[in-house]
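Here is a friendly walk through one strand and its neighbours, with a look at the cysteines afterwards. Please keep the structure open as you read.

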Amino acid sequence: MMAALPENSLERCLRLGFKNHVFVSWPHLIEDRGADIVRELAGALQNKFNNEGGGVVYVDDRLKSGEKWDPALRLNLCRSGVMLAFLVRSYFKSDYCAIEWAIADQLQQQRLPKGTTRGAIIPILLSEKPPLPAQVKTTQCRKDFLPLITFSQLLKSHPQWLVLVSQLAEEIMEILDLVCAQPPDWTAQEELARKAVAMAWDFSVARPSPVLNLPNFVVEERSSAIR
Amino acid sequence: MTQSPRFGQVITFYSYKGGVGRSMAVANVATLLAQAQRKVLVIDFDLEAPGLHRYFPPPDGEGESAGTIDFFTQLRTRLQALAGPPEWSEAEQALAPFRAVIEKLVRDSGFVREAWVKSPIDGKDYPLHLMPAGGFGNDYPDLVRRFDWLEFYRAHPYVFQLLAHALSSEYDYILIDSRTGLTDVGGICTVLLPQKLVLVFTPNRQSMIGVVEVAEQAIRQRKEHPSELRPLAVFPLLSRVENAETILQEEWIERGRRAFQMVFEKEYALPNCNLKVYFEAAQIPHRSFYAYGEVIAVQRESHAKQGSLAAAFRSFAECLQQDDVLAAQRLLTPQAVGSVAIESNLRVAAAEEQARRLAEELQAQKGLAIQAANRGRRLSQLTVGAAVLLVVVGLATGYWFIKSQRPDVAAIVQARSNEILATGDPSRARHLAEELNRLVPDKQDPRLRSAWTHVAMLELTTPGVEPSTVNLTQAVTGALGAGPLAADSPPMVVRASKTLGDLYLKGGRYQEAVDIYDKVVPVQQAGKDPTVVDTLIQKARALEQSRDVEGALATLRLAEQEARNRQDSKKVAEILRTEVGLWAPNASRFLPQIRTATQELAGLYDQLKRPEDRRAVLEQRGDLLARAGDVAGASEAYKAARAAGSGSKSSEWPVLAKVARLALAKKQKTSAITSYLAALEAMLDDPKPDLIKMEEIVDEYIKILDRASARDARKALKWKAANPARSSADWIALKYGQPR
């Protein structure tokens, strides 16, 4: 009668009052292809969740910069289980992104069980070596989409695309399991989201910018295939 | 970065060693693209050893006036006049003046001149744009020597990225002939500027090792670039392949393939990468004729001739138009080689043979005529004239015959059209249709339109193919001949347009979705297409998502009218349900509409034999009426919802709880207690309970009990808390809290 609940983490989230499973945070001063990558990945996750019984991926789609930051966005983020952050250099120059990160960071501290090593923010690096602030340096970032981005204009033409999307979806569902372990105190958390101020990024620990050099190559006879 | 009006591509051709045929490859690929009516710019970046301009000589032997080095010298001067951002910044405002300078200079025709290339197929001339290395005046060596690329890059780190964007918005293809070896300019050309990198090499160790290393390091450095998100798709090109030594040839192709596969597996994360098909096709044979002078093969010979240099360049140019090397490989699969090319080759061979025979015959006739003239001095002038006339007529006939037998564009177009209609592979069909686009200048041509209609059909109906906005837009535009969607447009194109709208809606591009639906709806209405109802519902969703609730409601009313005209009860129900959802936030304002719609919906669901939906809509009616203050109406609705329940306990207790709350609101405590208890009883039998909501109901119930009953109930709850296993026994214990 009251045996183990058959619902999965996506369903449990909705039952606990979450509106979205994933909130996608990205800077809008990103180049065209960056926006395409964000939408392509968000769309693929949405499809993946649809196959798992339904999940909501919310893409923060402010149409243009300078638009008033909608308070509804704060609530949307508050009612999201996991935040996916697309990190490029402009991420750390965007006030919106700084607010989103601050909200998601405070929420994860309240929602995740003590002692867990998992975070409810999944940063995706779109460059291998961007200058990262201290707050992000401690977080584990995903770099695995980088080879796909470099390989082709069409991400999904890469043979690893579906594998990586599945892995990401699984990771999100595992984190949602942790997030949903306790029913959230919505009143307190919405208040937190309403009042959160932009994260002050700490770049003091970032490695100093190297002297800018033009790309260069070293040719050594390493490739055994040619010999 | 702002959206480019033209989505051009910067493609760099690089070779580690000189003399591998790199510039020749640039010239041939550029000519093929220009023949296909693409806007092409060729840039000579081999400043120390310029030569690309020799392939495209200026008219009347004029010299070059300016070129790449002058462009960058001028650019440096203009950028120095602006206060630069201290480091790379994506901030639009900070970069705007720099972008403006670069775009203006790109549009300045002073550094670029036009060249004309001929097509051996139709004999026409096509324009191409060339930026030679420079003006080659006395100061040229000084200009090149004095330009410090590293200093320029450090002062303006954004410059090459902005330049690539500016060029891409002016031209379809920008082909860069890079300098060889390991140089600053080589790094700029291979990593900073392009999105595709062609690595040209010959079958020897030094040439191959150089390009393989450059491939690996260029991809890695692109990944490390902090603000460049374009791909760097590498396309290896084996050049000067000598067909006489087949064993050696195969051995070196194999070496090149293995080396590049290793790089791709590592840098592109392509497990088990196998580029066999690509490497067998992407190679340029050595033809000694073209070793002399600067002759562009694809201007001189038809690319339909198998084994020719032109055919090799054409095959490679097609690969290069694909997004990546795997897509190129798919294009080159055996069926993609295409019966048309083979057929054309056979026809050319047959035509050449016939032409040869005819020429021999004419020569014989001419000889006979002259012999006759010599032998018969007595033959009149008229006879000789007749013989000469015979020769002239014969030559003219031969010329006409040869011309008529050449693979003319019309025949190729027809063959391509047939092949498109015969194929079931959407990407193959799209590729062929793109080629047809280049061959047929009139976009309204029915063959072109039906080809694109077929592509649209394949995109929509091929199992396993997920239609994309890019592909569908291309197919729809082609099928409509760049015209608007109209009542006589093929149904498949209308359907593709509707799907395009759906994709925009799914992708969160609501305004674009609404724009498409606005075009589709009148056409569907004119064609009495029943799917117009779906289109209107989708449009309403898009409007709702863009927060235009009034617009969404107006659209739903239209949809409702269409559905009623068609007596489609299912659709009417779907629309009414959506309308109720839109009215819900303002239940008081829309109370009359809610009453009418929910009443009708309950009736419709009854007709449709969907008791679960009927119960749900009655419950929703109760919720909305209660919210709007109509307690009596709400109570009645809840009762009806209970009566409509399908017997499932999981659907019953939430309604009972609502009835209880309503009774409490009407200060009917006894009735509320009875309903709460009934709700709790129903919960006990629910196989899939919502524990959070159950707790809420228990708390509400305890609040209204008298003190003694509440104490008992709390005791039961305490016991439950001490026993985390949620068995039914603890809930049954709640019965102790029954009112006395």
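Which residue of E5(B) is the bridge partner of B:Val42? In this predicted model, that partner is B:Leu175. The pairing belongs to a wider arrangement: strand E2 of chain B, residues 40-44, runs parallel to E5(B), and five bridges join the two.

E5(B) has another neighbour as well. Strand E1 of chain B, which spans residues 9-14, also pairs with E5(B) in the parallel sense, again over five bridges. Within that pairing, B:Thr12 has B:Ile176 as its bridge partner.

The two partners of E5(B) can be set side by side:

| Strand | Residues | Sense of pairing with E5(B) | Bridges | A bridge pair |
|---|---|---|---|---|
| E1 of chain B | 9-14 | parallel | five bridges | B:Thr12 and B:Ile176 |
| E2 of chain B | 40-44 | parallel | five bridges | B:Val42 and B:Leu175 |

Now for the surroundings of E5(B) itself. This strand covers residues 173-177 of chain B, and because five of its five residues are buried, the rest of the structure largely encloses it. Its side chains point two ways: B:Tyr173, B:Leu175 and B:Asp177 go one way, while B:Ile174 and B:Ile176 go the other, and all are buried.

Let us turn to the cysteines. How many disulfides are there over all chains? The count is zero. Take A:Cys13: its closest cysteine sulfur is in A:Cys180, 3.1 Å away, which is too far for a bond given a cut-off of 2.5 Å. A:Cys13 is buried, with a relative accessible area of 0%. A:Cys97 is buried too, and its relative accessible area is 0%.

Notes. Residues numbered from 1 in each chain as written. Chains lettered and ligands numbered in written order. Predicted model: local features only at pLDDT ≥ 70, side-chain atom pairs only at ≥ 80, totals over all residues. Heavy atoms only, no water. Buried < 20%, exposed > 50% of the residue type's maximum accessible area, 1.4 Å probe, protein only. Helix = DSSP H or I, 4+ residues; strand = E, 2+ residues; numbered from the N terminus. Pairing = 2+ DSSP bridges.
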